[in-house]
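User: I would like to learn how to read a structure like this one. Can you take me through it feature by feature?

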Amino acid sequence: MAVQVYFIGAGPGDTELLTIKAKNIIERADVIIYADSLVSPEVCKFARDGAEIHKSASLSLEETTDIIVSAVKQGKTVARLQSGDPAIYGAIREQMALLDEKGIEYQIIPGVSSLFAAAASLKAELTVPERAQTVIITRMDGRTPVPATENLRSLAAHRATMALFLSASLVEEVVSELIQGGYDPGTPAAVVYRASWEDELVIRTTLGDLSERVRESGIKKQALILVGKFLEHPGKGLRSKLYDKKFKHEYR
Ligand code: SAH
């Protein structure tokens, strides 16, 4: 049977960052459920006339699943829009598990994560030769616990590129853990609020000054914290081997 349920990565906010595949599915969907906390209502402009549209921020997992299940029973196609890419803090696993129980097929359409929109706004490469070749995507331990083996202080020991989701309201704890874990307070840090939206805000500072700058700005959510040497100004000697004449260049 044809797939009727699509979990769609709707990108960081700017509707032009939807994939063509996402747009095509939204255009033909009978039912659209979108995470209105981080997905722009503008995505609905692609919906066909008469499509049923639900905002999911105030719905429970069960309520969302009920909408999906009843639509499927009526032979309808459902587009479930999530912010960024669904694979990063998308909470799709529990949604998929409920559909699995009911034997309902679904497909996942990847999207542009806010991490990549933030890197683009910062005009930064997350993996700069000789400075950082590893990206750690994590969050501060909060209402949703982080496994003890992944505590921020221990991850800080790598001094890699660090991207923190869901942690803007806990910036003081973030800074304290990262410094105690091994980052120098002078390490460049940035906060990108609502990357790719019209009211996007970018703060560039150092880890040591991050808490104060974030407090001044009033940013508490919808922001990413990025830390690491990748944010340093480009200098000499940082050319990627990819452009080295002696390097085989099949990945160029
Ligand atoms: N799946 C999403 C993340 C969802 S979790 C993605 O791939 O981007 C929600 C967190 O993502 C927020 O707390 C914030 O840290 C981050 N986030 C989502 N959209 C954002 C945006 N446009 N700008 C900055 N951070 C964003």
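Analyst: We go from the overall chain to the ligand, the core and a few single residues. This is a predicted model, so local features need pLDDT of at least 70, side-chain atom pairs count only at pLDDT 80 or more, and totals for chains, interfaces and linings use all residues. Residues are numbered from 1 along each chain as its sequence is written, and side-chain values use heavy atoms, with hydrogens and water left out.

User: How many helices and strands does the chain have?

Analyst: Helices (H or I, at least four residues) and strands (E, at least two) are DSSP runs, numbered from the N terminus. Here the chain has seven helices and ten strands. Its C-alpha atoms fill a box of roughly 60 × 45 × 35 Å along the principal axes.

User: What share of the residues counts as buried?

Analyst: Buried means under 20% relative accessible area, exposed over 50%, and partly exposed in between (1.4 Å probe, protein chains only). Of the 252 residues, 46% are buried.

User: Now the ligand. Which residues come nearest?

Analyst: A residue is near a molecule if one of its heavy atoms lies within 4 Å of it. There are 18 residues around the ligand, and Asp-85, Ile-88, Ser-114, Ala-195 and Ala-223 come nearest. The shell draws at least three residues from each of domain 1 (5-112) and domain 2 (115-231). Those domain bounds come from an automatic or database domain assignment.

User: What is the chemical make-up of the shell?

Analyst: Ala, Val, Leu, Ile, Met, Phe, Trp, Tyr, Cys and Pro count as nonpolar, Asp, Glu, Lys and Arg as charged, and the others, Gly among them, as polar. The shell divides into eleven nonpolar, five polar and two charged residues.

User: Which polar atoms lie by the ligand's oxygen atoms?

Analyst: A polar contact is a pair of N or O atoms within 3.5 Å; within protein, one must be able to donate a hydrogen and the other to accept it, and residues adjacent in sequence count only if both atoms are side-chain atoms. A polar side-chain atom of Ser-114 lies 2.7 Å from a ligand oxygen. For Ser-113, the distance from a polar side-chain atom to a ligand oxygen is 2.9 Å. Pro-12 uses its backbone: an N or O atom there lies 2.9 Å from a ligand nitrogen. The protein covers 94% of the 540 Å² of accessible area that the ligand has on its own. Such areas come from the Shrake-Rupley method with a 1.4 Å probe; for residues, only the protein chains shown count as cover.

User: Where is the largest nonpolar core built from?

Analyst: In soluble globular proteins, nonpolar side chains tend to be buried together. A nonpolar core is a set of buried Ala, Val, Leu, Ile, Met, Phe, Trp, Tyr and Cys residues joined through side-chain atoms within 4.5 Å. The largest one has 24 residues; Met-162 and Leu-178 are among those with the most contacts inside it. Elements giving two or more residues include β7 (161-165), α6 (171-181) and β10 (223-227). The largest share, four residues, comes from α6.

User: Is Lys-123 buried or exposed?

Analyst: Lys-123 is exposed, at 78% relative accessible area. It sits in the loop between α4 (114-121) and β6 (135-139). Its phi is positive, about 50 degrees, although it is not a glycine.

User: And Arg-194, buried or exposed?

Analyst: Arg-194 is buried, at 16%. Arg-194 also has a positive phi of about 50 degrees.
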